[in-house]
Amino acid sequence: MSTLRIVPTNAALGARIEGLDRTQIARPEIAAMLHKALGDHLLLEIPGEPMTPQQTRDFAAAFGAPRIQLLRYKHSGEVPEVSVMVSTLMADGTTDKTALRAEDWHTDDSYFQTPAKATLLHSIDIPSRGGDTWFCNMRAAYEALPEATKRRIDGLRAIHAYDTSRARNRPSARTAQEIAETPDVEHPLVRTHPDNGRKALYLNFNRLDRIVGMERAESDALLDELAAHCRKPEFHYAHKWAVGDAVIWDNRATMHRVDVDYPMGEKRVMQRVLIEGDRPF
Ligand code: OGA
Ligand code: MN
């Protein structure tokens, strides 16, 4: 009998998975249970030992098809679906741009027509303090909106761009090929979860440029209002990292951000896998 336990955080979102033998994750009943838990809790924290890139890819595959991420320079080499995210703070200013960009609330991959449905991060090196990853429950944020706001945003669509002047930080440079692969795309402002029909706000403070069919000033005011709503702590939960953790979140109904508050020069290195998604509706 399995001793696997799904322990909710009792916070805004998330559950901790205890007693999982990671080598058993591909068993259909285990994969189905974890998949269901991800849809319910939107974030799973799975403690364990550090994995090789091959093991991380196979582990992530229990949640769907791993897919290769846009920025080629991050690919791990041996296993193309596993990228390496080095967010170590460098005194000489050479810190990777994506680490700083992740400081504000975002959902991964929304600059694609078909964004990744989930992201798995696996910690290899973590700093001695700080560097928590925060999550925002966008299903709860949508449900808590005043009815008048829900009616106002129902059916609105928005432009997501690789970069926007609304974002606090500039993104990593792309190669010519990567630029050609990332034209602006349009997504609904409210997204319906394909597994359970539940609605969530679909925002990204790093990519969301404007609302289709609105003047810039009106669009900025509405996006600022929705952003202020999502910044309320009642929707948030922080994951505090231990080496070897595997953390997976549902990009369709959450945003996340990292606290860039850890000591200079202390390594912060994660393996990262994106899971193939579906077109937002
Ligand atoms: C990411 C991300 C945050 C972190 O990998 O998409 O935003 O805590 N990471 O490293
Ligand atoms: Mn991210």
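This passage describes aromatic pairs, charges over rings and a small set of paired strands in a predicted model. Local features here need pLDDT of at least 70 and side-chain atom pairs count only at pLDDT 80 or more, while totals for chains, interfaces and linings use all residues. Residues are numbered from 1 along each chain as its sequence is written, and side-chain values use heavy atoms, with hydrogens and water left out.

A search of the whole structure gives three aromatic pairs (ring centres of Phe, Tyr or the six-membered ring of Trp within 6.5 Å; planes under 30 degrees apart are stacked, over 60 edge-to-face, the rest tilted). One of them is the tilted pair of Tyr111 and Phe112, with 4.8 Å from centre to centre and 45° between the planes. Tyr111 also meets Tyr162 edge-to-face, at 5.0 Å and 70°. Tyr111 belongs to the loop between helix H3 (97-101) and strand S6 (118-125), and Tyr162 to the loop between strand S8 (157-160) and helix H6 (176-180), so this pair ties together parts 51 residues apart in sequence. Helices (H or I, at least four residues) and strands (E, at least two) are DSSP runs, numbered from the N terminus.

Charges also sit over rings (NZ of Lys or CZ of Arg within 6 Å of the ring centre and within 35 degrees of the ring normal). The charged end of Lys150 is 5.4 Å from the ring centre of Tyr142, and Arg191 lies over the face of Tyr202 at 4.8 Å.

Turning to the strands, an open antiparallel sheet has the order S13-S7-S15, where pairing takes at least two DSSP bridges. Four bridges join S7 (residues 133-137) to S13, and Cys136 stands opposite His236 in S13.

Terms used:
Chains are lettered from A and ligands numbered from 1 in the order in which they are written.
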